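Colleague: I would love a close look at a single part of this protein. Could you walk me through it slowly, as you would for someone in a first year?

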Amino acid sequence: MCGRFSFVVKKEKVHKLFPEVSIEGDLDKSYNIAPTQQAYVITNKHSNILQKMRWGLIPHWSKDGKGGGALINARMETIQEKPSFRDPIHSYRCVVLADSFYEWRTEGGKKIPYRILLRNGDIMVFAGIWDVWQNLSTFSIITTEPNVDMSQFHDRMPVILNTDPTSGLSACEKWLSDTNDIASLLSLCEKPKNGFLHIYKVSEKLNAVKNNFPDLHKEKPEEITLF
């Protein structure tokens, strides 16, 4: 799954990846984005605008908007079957920008966080879906099976779209296109190749949602266990 991520990126780097996207002012930095908080997305309806949405999808047909913080992820394999996700995957797709995400390992009864980022340092672009409930725009991040790197932490991971356009349209462009070929879109939701990610231990201060500062990105040494 993806339950926490970060976005600490200069707008020049976003422009390099999305040259047609309009960005007003400096980008907000967040080292600890949690469900119900705002994050940067680009949608299929406004593919030239970088905007913020609340994380945790609320379907447009919801009566009271409750449970919005629960639908933070959508499983790729069943996304066309779930009532909350059926319409968005066809009509309301987005990409979610990040520089890394986090996952936890339990050690001695403690939850130890790890930061996961692309080994080449590029922006992570998650496949997402979005919806609007009473003028509130919200989104979910699509998940898939983990690669070998991530399988030590969880049985799910976010879909990281390939941003390389050398063989035609990049996966990001295809995801944001007007196509109704859902099978083709879901084929983009592959787990990344093994060795594609860089993973390291970070401070347990990340566990508290209120904490949001640069030290959360710093690597902590692994403890050596003697047998």
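How many of the six residues of strand E6 (residues 93–98) are buried, and why can we call the strand enclosed or open?

Modeller: Happy to! Please keep in mind that this is a predicted model. Let's begin with your strand. In E6, residues 93–98, six of the six residues are buried, so the strand is largely enclosed by the rest of the structure. Here, buried means a relative accessible area under 20%.

Now look at the two faces. In a regular strand, side chains alternate between one face of the sheet and the other. On one side of E6 you will find Arg-93, Val-95 and Leu-97, and on the other Cys-94, Val-96 and Ala-98. Both of these faces are covered, with each of the named residues buried.

Next, the partners of E6. Strand E3 (residues 38–43) pairs with E6 in the antiparallel sense, over three bridges. Strand E9 (residues 124–133) also pairs with E6 in the antiparallel sense, this time over six bridges. A good residue to click on is Val-96. Opposite Val-96 stands Val-41, and Val-96 also stands opposite Phe-126 in E9.

With E6 in mind, you can turn to another group of strands. Five strands form an open sheet, in the order E2-E1-E7-E8-E12, with antiparallel pairing. Its edge strands are E2 (30–33) and E12 (197–201), each of which pairs on one side only. On average, neighbouring strands of this sheet are turned by 30° against each other, if direction is ignored. Within the sheet, strand E1 (residues 5–7) and strand E7 (residues 100–107) pair in the antiparallel sense over two bridges. If you want to find one of the contacts by eye, start at Ser-6, whose bridge partner in E7 is Ser-100.

For contrast with the buried strand, try a residue in a loop. His-154 sits in the loop between helix H3 (148–151) and strand E11 (157–158). His-154 has a relative accessible area of 23%, so it counts as partly exposed. The side chain of His-154 reaches the backbone nitrogen of Arg-156 at 3.0 Å.

One last stop is an empty space. The second largest pocket has a volume of about 300 Å³. Its lining is made up of 12 residues, and Leu-17, Phe-18, Pro-19, Ser-170 and Glu-173 lie nearest the centre. Sorted by class, the lining of this pocket has seven nonpolar, three polar and two charged residues.

Conventions: Residues numbered from 1 in each chain as written. Predicted model: local features only at pLDDT ≥ 70, side-chain atom pairs only at ≥ 80, totals over all residues. Heavy atoms only, no water. Helix = DSSP H or I, 4+ residues; strand = E, 2+ residues; numbered from the N terminus. Buried < 20%, exposed > 50% of the residue type's maximum accessible area, 1.4 Å probe, protein only. Polar contact = N/O pair within 3.5 Å; in protein donor to acceptor, adjacent residues only side chain to side chain. 1 Å grid on protein atoms, 1.4 Å probe; cavity = no way out; pocket = protein on both sides within 12 Å on 5 of 7 lines; lining within 4 Å. Points joined across faces, edges and corners; volume = space filled by probe spheres on them. Nonpolar A, V, L, I, M, F, W, Y, C, P; charged D, E, K, R; others polar. Pairing = 2+ DSSP bridges. Axes fitted to C-alpha atoms, helices over the stretch in contact; angles between N-to-C directions.
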